Amino acid sequence: MSHPDVLVIGGGLHGLSAAFQIARRGRRVRVLEKEVAGAHASGFSAGGVRSLGRHTAEIPLALAALELWHDLAALLGEDGGFQPTGQIKVAETPEELAILEARVASLRAQGYTHEELIGPEALRRWLPALAPHCLGGILCARDGFAEPYRTTLAFRRAALALGAEMVEGARVTHLERRDGLWQLRCADGARHAAPIVVNTAGAWAGRVARAVGEDIPLGFNAFMMMLTAPMAPFIAPVVGATGRPISFKQTASGQVMIGGGHKGVGDLATGRVTLDVARLAFSARTALDLFPILAGTRMVHAWAGIEGVLPDDIPVIGRSATAKGLVHAFGFCGHGFALAPCIGGIVADLALQGGTDLPIAAFAPGRFGRAAPAMAAGQALVQPAG
């Protein structure tokens with residue numbers, strides 16, 4: 001193998017997007033993945049591509065990413081199954097409709113026009129099978145969805161085609177900075193060195209941060225999804241609700257995918273997840289309330305993927321506050337899939353140029369004001385999960 005300029009810890013979608021963009025800039029990059037590409041959240045998410053309902057700090061990134069999604073085939077040579085179906089957030093009560101009206105007004109005042117308030121007639125043109133009690137909603141017509149695992153592999157192939165290296169089964173256990181290089185050791189004894197490290201280790205990324213003196217309060221969740229038996233086509237957009245958690249869409253196979261943030265139980269030590277049947281049942285009931293047509297089908301599959309989460313529900317993106325040559329991008333809180341094409345470019349800019357044109361101050365690693373013990377030589381990544 002070559003002597004890389006950048007080592008990327010974590011071969012999920014964000015790590016592979018970063019590797020692609022780094023290789024695209026003519027630099028040598030190696031991805032170290034403890035299992036296989038897309039083994040956790042990257043391959044098991046709902047695949048929503050949305051600018052709808054974003055935290056204000058994420059809106060510029062979501063809009064930049066959306067442009068890349070619409071041109072993904074030109075960027076990667078394949079489109080990841082992206083479908084620009086639109087996304088809609090539904091109001092079921094007058095109080096919820098007032099919340100949506102206030103949001104759109106606030107966004108307009110900030111100069112954003114991507115979210116459009118729609119009334120009951122337009123709502124039913126978009127969603128003819130929707131329950132009659134729904135009163136209106138917010139529409140983002142250019143949003144949509146893609147296939148998570150297919151997208152992850154598309155970025156992997158594109159990165160490898162540009163000369164990036166991918167080492168799977170490479171669980172990083174130690175790191176230290178010595179003589180201007182990061183020295184990483186893996187569980188199998190293999191060693192890797194480079195002047196720059198990118199930490200896209202997902203739910204495990206907090207361990208890397210703590211090893212360099214950054215105590216970032218990263219937790220994790222096992223977000224669950226369900227899939228129905230195939231049905232005749234009845235919906236095109238992705239649907240969410242204002243007052244209760246739901247993510248709802250129909251795939252090309254006719255199967256309906258239902259999510260919305262309900263959590264199972266995950267184990268960082270093993271990567272295993274356990275489903276919470278009661279919460280799955282609640283999610284199914286919510287879907288049935290909104291779309292009574294589901295009474296004629298059955299659930300055939302359920303799963304979960306482990307994802308890093310942070311107290312303020314937005315990610316960490318930025319250069320380490322304590323260690324030279326280290327860039328963080330993790331903690332996407334269950335809504336990072338859509339941002340991935342944009343995140344790769346941001347990370348490449350931070351790693352190779354030290355800054356980026358997109359606004360990322362809100363995502364600074366040091367925003368929590370916590371410190372961990374300073375890194376010791378040969379620091380082992382054996383801290384408790386989180």
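This report describes one sheet and one helix pair in a predicted model.

Residues are numbered from 1 along each chain as its sequence is written. Because the model is predicted, local features need pLDDT of at least 70 and side-chain atom pairs count only at pLDDT 80 or more, whereas totals for chains, interfaces and linings use all residues; side-chain values use heavy atoms, with hydrogens and water left out.

**The sheet**

An open sheet is formed by six strands (DSSP runs of E, at least two residues, numbered from the N terminus) in the order β8-β2-β1-β12-β21-β20, with mixed pairing. Two strands pair if DSSP finds at least two bridges between them. At the edges stand β8 and β20, each of which pairs on one side only. On average, neighbouring strands of this sheet are turned by 15 degrees against each other, direction ignored. Strands β1 and β2 pair in the parallel sense over four bridges, and Leu7 stands opposite Arg30 in β2.

| Strand | Residues |
|---|---|
| β1 | residues 6–9 |
| β2 | residues 29–33 |
| β8 | residues 165–168 |
| β20 | residues 316–319 |

**The helix pair**

Helices are DSSP runs of H or I of at least four residues. The axes (lines fitted to C-alpha atoms over the stretch in contact, with angles from 0 to 180 degrees between N-to-C directions) of α1 (residues 13–24) and α7 (residues 148–161) come within 8 Å and cross at roughly 25 degrees. The two helices are therefore roughly parallel to each other, a term for angles under 35 degrees. In their contact (heavy atoms within 4.5 Å), residues of α1 including Leu13, Leu16 and Phe20 meet residues of α7 including Thr151, Phe155 and Arg156.

Technical notes. Angles under 35 degrees count as roughly parallel, over 145 as roughly antiparallel, 65 to 115 as roughly perpendicular and the rest as oblique.
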